[in-house]
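Got your viewer open? Here is a walk through one structure, stop by stop, with something to select at each.

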Amino acid sequence: MVAPDTHGDVTPLGVWPGTAYPLGATYDGAGTNFSVFSEVAERVELCLITREGAETRIPLEEVDGYVWHAYVPAIAPGQRYGFRVHGEFAPERGLRCDASKLLLDPYGKAFAGDFDNDPSLYTYDRDSLGHTMTSVVINPFFDWADDRPPRRPYHQTVIYEAHVKGMTMTHPQVPQELRGTYAGIAHPAIVDHLKDLGVTAIELMPVHQFLHDRMLLDKGLRNYWGYNSFGYLAPHSDYAADPRAGAAVTEFKAMVRALHAEGIEVILDVVYNHTGEGNHLGPTLSLRGIDNAAYYRLSEDDPQHYVDYTGTGNSLNVRQPHTLQLIMDSLRYWILDMHVDGFRFDLAATLARELHDVDRLSTFFDLVQQDPVVSQVKLIAEPWDVGEGGYQVGNFPGLWTEWNGKYRDTVRDYWRGEPATLGEFASRLTGSSDLYEATGRRPGASINFVTAHDGFTLRDLVSYNDKHNEDNGEDNRDGESHNRSWNCGVEGPTDDPQVLALRERQSRNLIATLALSQGTPMLLHGDEMGRTQHGNNNAYCQDSPLSWVDWSLAQKNSDLVRFTRAAFALRAAHPVFRRRRFFDGHPPASEPQGRDVPPDIAWLTPAGTEMTAADWDSGFGRSLTVFLNGARIPEPGPRGERIQDDSFLLCFNAHDSAIDFTLPGPDFGDHGGRQAGGVDQRWAVVLDCSTPTGSADALYDAAAVVPVPARCLLVLRLVEAAGASDRVGAGMEGTAWARM
């Protein structure tokens, strides 16, 4: 066996047979079991590496079901290792075994070192030891204390998409040595900011171990976003404050524990659709050299090349049982060992391609549905890829939620004044039942977002008509060209006070719409303080202040921060904005026949009349009033109790001029089927997007005419005079309610 010294170096001692499962390196307190799958291998060697790069090779003599394994006593956490796979090298037949390559463990839970892009990583029969990373045995033991998953339901969830490094690099209260790290995310200054915003879940951009593309390194750039994974069970080592091999695992767990203690869930953005090994010209680091044809989709006509549904060189072969096992084992590991609360699946449509077409009944979905662990956490799909038929918004199975790209596009179009968007806007505002109800899903299945890491930030969305990606070194050819953005009259920076005021108002409109829409809202990090990337809508390679959150903006744009807090606080305080079920739009069935009682939602013109088909179809219509009836929430609370809330009017005006909105008249007053009894009712403004912080103290009588400024959302709450305390909600009399 072999025994490590305190630095993880080894001396030969002996080997035991070990077991085929679990795959990877598993330390049990006395030694480590090593296991790796390869159907094409003729021989496999375990390579134990010292810190100085010396190598001890141990043949894996035991093979069960193409899984090669051994147990090595006394091998402890910190030990560096890899594999060498002997077999046929015939790329024209999809075979790429090359024993000159030190291969990373697909189940590695930590990695050390770096890739130097030496030719040995790309060519046959040149030893890559010393030019590649090494896998590291980890200590699986951790004191989780009384950690419990928050398990917050979707209708109570507010997601904050963030980058580990970018979120913390400039925060003045985060110590320098913790900036850009998991420990930085767990710092009280960051946690307090999330809590103040009303965030209940942080969605971290990829933290699986990833590599930097040679093309970017040659340009002096880096893969900042991290959508280039190769280690599906390892937290990215560069995000650890502690530089010791394997320390990232403990630091990540401590981050999760700290966030859970404050009621914040941790969701990981995961990239199981491709790996960083790229196309046929990419490096041989792990899966390519272990079993190329098993792990990757190869072209049937030319197995030397890869099927690419992702635009990044290769696609994982989800038709192969061991590839599916790798994905599922990875998911379970992050849930059971790392305590994460869910996943957002990058280009998730690729995982459903068993043959060519996206298949909602694919094996991957079946496995997830049946898995007692994975099926119980948040599962969020990016429901598209770049292949034919890849746009699958609304088509994922019932267990899944989805990034709702139609919500993003519709809300952007509405507020920038595009024609004929009212009907679509109404659907998106109310949870997109047209997309999700048919599969038995509820409004929470719609992950609503206006901005995300991919595209403009919120500030840039209202400041640029065109992308400005010149810094990426691709002559501005990369990135989306159709952004549905509007610069408010001037491209980019300006000193024009009117343009600046309009941009600020548009930002508030978009944030308020997001906060008050049915579904699950997702806010992009820094949008609450006006973060800008100066028009770069594809900052994947910008590991610099261009992409990092500039925390000085929190003070400079403190009004926007306060507005964002207020908008999401309004959502949190009122269940009418976060219903578990879709709106019905029908009058209550329990009311006596002939009574004219309002439904749970009503759509009115600015004149206060019910919207007609002509109003919905009007290509120039930009304004409407939405009545939300707090007395008509049908779903019970968690203990079966009746949920009652205030009632609200949302007055949307996307026109370029102010419009007078007529509030419901004095006969607006039937509550839960009981007459108002003549008690006065008034409408109090609770959020005004025309003011910097959204605050307002206006109070209007019934039937009042309220001027709503150009491009503004006004939110009003029904309030009642003394003597009406026995009334349970809000309604309207004298209106022929449409069945929306």
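A strand here is a DSSP run of E with at least two residues, numbered from the N terminus. With that in hand, select residues 401–403: that is strand β21, and W403 lies in it. One thing to keep in mind as you click around: this is a predicted model.

**Stop 1: W403 and its strand**

Is W403 buried or exposed? Its relative accessible area is 2%, and since buried means under 20%, W403 counts as buried. Now add V393 to the selection and draw a distance between the two C-alpha atoms. You should get 7.8 Å, for two residues that sit 10 residues apart along the chain.

**Stop 2: S432**

Next, select S432, in the loop that runs between α10 (422–429) and α11 (433–436). S432 is buried because its relative accessibility is 0%. Which side chain does the side chain of S432 make a polar contact with? Show side chains and pick N404: the polar contact between the two side chains is 3.0 Å. If you skip the neighbours within four places in sequence, the residues in contact with S432 are N404, S427, S446 and F582.

**Stop 3: α9 against α10**

Stay with α10 and colour helix α9 (residues 405–416) alongside it. For any pair like this, two numbers do the describing: the angle between the helix axes and the distance between those axes. Here the angle is about 130 degrees and the axes are 9 Å apart. That angle is why α9 counts as oblique to α10. The crossing of this pair, α9 and α10, is left-handed.

To light up the contact, select these two groups:

- from α9: K406, Y407, T410, V411 and Y414
- from α10: L422, E424, F425 and R428

Colour the contact of α9 with α10 by class and you get five nonpolar residues, one polar and three charged.

**Stop 4: α13 and α15**

Now jump along the chain to helix α13 (residues 497–516) and helix α15 (residues 558–573). Their axes come within 8 Å and cross at roughly 20 degrees, so α13 and α15 are roughly parallel to each other. The crossing of α13 and α15 is right-handed. On the α13 side, pick R508, I511, A512, L514, A515 and L516; on the α15 side, pick L560, F563, T564, A567, F568, L570 and R571. How do the residues of this contact between α13 and α15 divide by class? There are 10 nonpolar, one polar and two charged.

**Stop 5: α7 and α8**

One more helix pair: select helix α7 (residues 321–336) and helix α8 (residues 363–370). They pack at about 35 degrees, with axes 11 Å apart, and the crossing of α7 and α8 is right-handed. From α7, L324, I327 and M328 take part in the contact; from α8, the partners are T363, F364, L367 and V368. The class count for the contact of α7 with α8 is six nonpolar, one polar and no charged residues.

**Stop 6: two buried strand residues**

Select T625 in strand β25 (residues 623–628). T625 has 4% relative accessibility, so it counts as buried. Show everything around T625, leaving out residues up to four places away in sequence, and you will find A602, W603, L604, T605, P606, L649, L650, C651 and F661 touching it.

Then move to L48, in strand β5 (residues 43–49). L48 is buried too, at a relative accessible area of 0%. Add T134 and check the C-alpha to C-alpha distance: 9.4 Å in space between L48 and T134, across 86 residues of sequence.

**Last stop: backbone oddities**

Most peptide bonds are trans, and most residues other than glycine have a negative phi. Keep that in mind for three final picks.

- Y21 to P22: this peptide bond is cis, with omega near 5 degrees. P22 sits in the loop between β2 (10–12) and β3 (24–27).
- N117: not a glycine, yet its phi is positive, at about 60 degrees. Look for N117 in the loop between β12 (111–112) and β13 (134–136); N117 is buried, with a relative accessible area of 18%.
- N476: also not a glycine, with a positive phi of about 65 degrees. Find N476 in the loop between α12 (458–461) and α13.

Notes
Residues numbered from 1 in each chain as written. Predicted model: local features only at pLDDT ≥ 70, side-chain atom pairs only at ≥ 80, totals over all residues. Heavy atoms only, no water. Helix = DSSP H or I, 4+ residues; strand = E, 2+ residues; numbered from the N terminus. Buried < 20%, exposed > 50% of the residue type's maximum accessible area, 1.4 Å probe, protein only. Polar contact = N/O pair within 3.5 Å; in protein donor to acceptor, adjacent residues only side chain to side chain. Contact = heavy atoms within 4.5 Å. Axes fitted to C-alpha atoms, helices over the stretch in contact; angles between N-to-C directions. Parallel < 35°, antiparallel > 145°, perpendicular 65-115°, else oblique. Left-handed = near helix turned anticlockwise from the far one by under 90°. Nonpolar A, V, L, I, M, F, W, Y, C, P; charged D, E, K, R; others polar.
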